[in-house]
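Trainee: I've never looked at this one before. Could you walk me through it, beginning with the vocabulary?

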Amino acid sequence: MSKKIITIFGGTGAQGGGLARAILNDKSSEFAVRVITRHPESEKAQALAAMGAELTTADIDDKASLNRALEGAYGAYCVTFYWEHYDPEREYAEARSMAEATKEAGVQHVIWSTLEDTRKWVPLDDDRMPTLGGKYKVPHFDAKGAADQFFIDLGVPVTFLRASFYWDNFIYFGSGPKKAPDGKLYLTFPLDDKKMAGIASEDIGKCAYGIFKGGKANIGKTIGVAGEHLTGQEMAGALSKALSQKIIYNNVTPETFRGFGFPGADDLGNMFQFYRDFEEVCNSVRDVNVSRELNPELKTFDQWLAENAKRIPLN
Ligand SMILES: NC(=O)c1ccc[n+]([C@@H]2O[C@H](COP(=O)([O-])OP(=O)(O)OC[C@H]3O[C@@H](n4cnc5c(N)ncnc54)[C@H](OP(=O)(O)O)[C@@H]3O)[C@@H](O)[C@H]2O)c1
């Protein structure tokens, strides 16, 4: 019997790549992988092709290319690309295009990688955090959460997947420990003593594979994924052990974090504040046990560090 095709947006990226590899590494999988990429000649795309993925050249802004990419697909993994443009309006439109294209193609199971619309908990007139861009609290969360409605209104058979903070951000996103003028290394987050859900980005895709394997029973559900819920102090402790040098947790206020001035600092400051002030809301939906049932290989932070600590830049 021919395998059921899963078309993967962001297949050359962290989340979609994890899903593609999870399926391709399972030789008895009922699924085949079709990866959407704008650059089929890229190293990442070619590595997936070598594992057995079909590559399809498509761009979210080119509707005809999406129709081709989804033709005959049983499933689709939809993830948007906020950090390519830092534009929530654009992300919202990208999600709408994904919802429409999957509906038109008659895809039977869609996973939409979404996040909370934080405005449900922190309305725009709530002054505890600034409103950004005139209508958002956490732009890269809110636009995703608001876009859930596109999938609902169109009747797309969808599972809402809520990812958590990638530990890989310590390597690629500048979130790791930084050396201060006193020569010491500080991990700086505005989390107080609250626990934040984190995950190895590769595990998001492995959990998504579990959701596809679960099939129809998962349609209509919201499933959060996390490898562990950890305080800043706990992350600093684990980093110290893995790096064999002292990493000090530097707890700052969200105001201080927003003021750091790097692109997206205000968005991320509000995000960490949301994780801090709504710990239960964020963590209860990102259940580690559920994540491990979906993906028995789910890594703890220590396990992720054992493989990756050496790649974290310390400067
Ligand atoms: N970092 C975190 O902690 C975290 C946590 C939760 C959620 N997220 C969310 O994750 C999302 C990003 O996912 P990721 O980290 O898996 O991606 P990523 O590793 O940054 O890779 C970006 C992917 O997007 C694709 N892409 C970019 N522009 C595209 C376009 N116009 N049309 C089609 N494909 C396009 C790229 O494909 P090609 O270059 O091959 O075309 C690539 O596969 C963001 O929206 C972010 O908010 C991040």
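Mentor: Two strands pair if DSSP finds at least two bridges between them. The strands (E, at least two residues) and helices (H or I, at least four residues) are DSSP runs, numbered from the N terminus. The model is predicted, so local features need pLDDT of at least 70 and side-chain atom pairs 80 or more, while totals for chains, interfaces and linings use all residues. Residues count from 1 along each chain as its sequence is written, and side-chain values use heavy atoms, with hydrogens and water left out.

Trainee: Which residue in β10 is the bridge partner of Phe165?

Mentor: Look at β7 and β10, where β10 covers residues 196-199. These two run parallel and are joined over 2 bridges. Follow Phe165 across to β10 and its bridge partner is Gly198.

Trainee: Which strands stand at the edges of the sheet that holds β7, β10 and β12?

Mentor: This is an open sheet of 3 strands with mixed pairing, in the order β7-β10-β12. An edge strand has a single partner, so one side of it is left without a neighbour in the sheet; here that goes for β7 and β12 (228-230).

Trainee: And which strands are at the edges of the sheet with β8, β9 and β13?

Mentor: Again 3 strands make an open, mixed sheet, this time ordered β8-β9-β13. One side of each edge strand lacks a neighbour because each has just a single partner strand, and those edges are β8 (178-179) and β13 (247-251).

Trainee: Which residue in β13 does Phe189 stand opposite?

Mentor: Strand β9 spans residues 185-189 and runs parallel to β13. There are 5 bridges joining the two. Across from Phe189, in β13, you'll find Asn251.

Trainee: On to the ligand. Which element gives the largest share of the shell around it?

Mentor: A residue counts as near if one of its heavy atoms lies within 4 Å. There are 25 residues around the ligand, and Thr12, Gln15, Thr37, Arg38 and Lys144 come nearest. At least two shell residues each come from α1 (14-24), α4 (82-85), α6 (139-153) and β7 (165-166). The largest share, 3 residues, is supplied by α4.

Trainee: Which residue has a polar backbone atom 3.0 Å from a nitrogen atom of the ligand?

Mentor: Polar contacts here are pairs of N or O atoms within 3.5 Å. A ligand oxygen sits 2.6 Å from an N or O atom in the side chain of Thr37, and a ligand oxygen is 2.7 Å from a polar backbone atom of Arg38. For the ligand nitrogen at 3.0 Å, the polar backbone atom belongs to Ile60.

Trainee: How much of the ligand's accessible area does the protein cover?

Mentor: Accessible areas come from the Shrake-Rupley method with a 1.4 Å probe. On its own, the ligand has 940 Å² of accessible area, and the share covered by the protein is 86%.

Terms used: A polar contact is a pair of N or O atoms within 3.5 Å; within protein, one must be able to donate a hydrogen and the other to accept it, and residues adjacent in sequence count only if both atoms are side-chain atoms.
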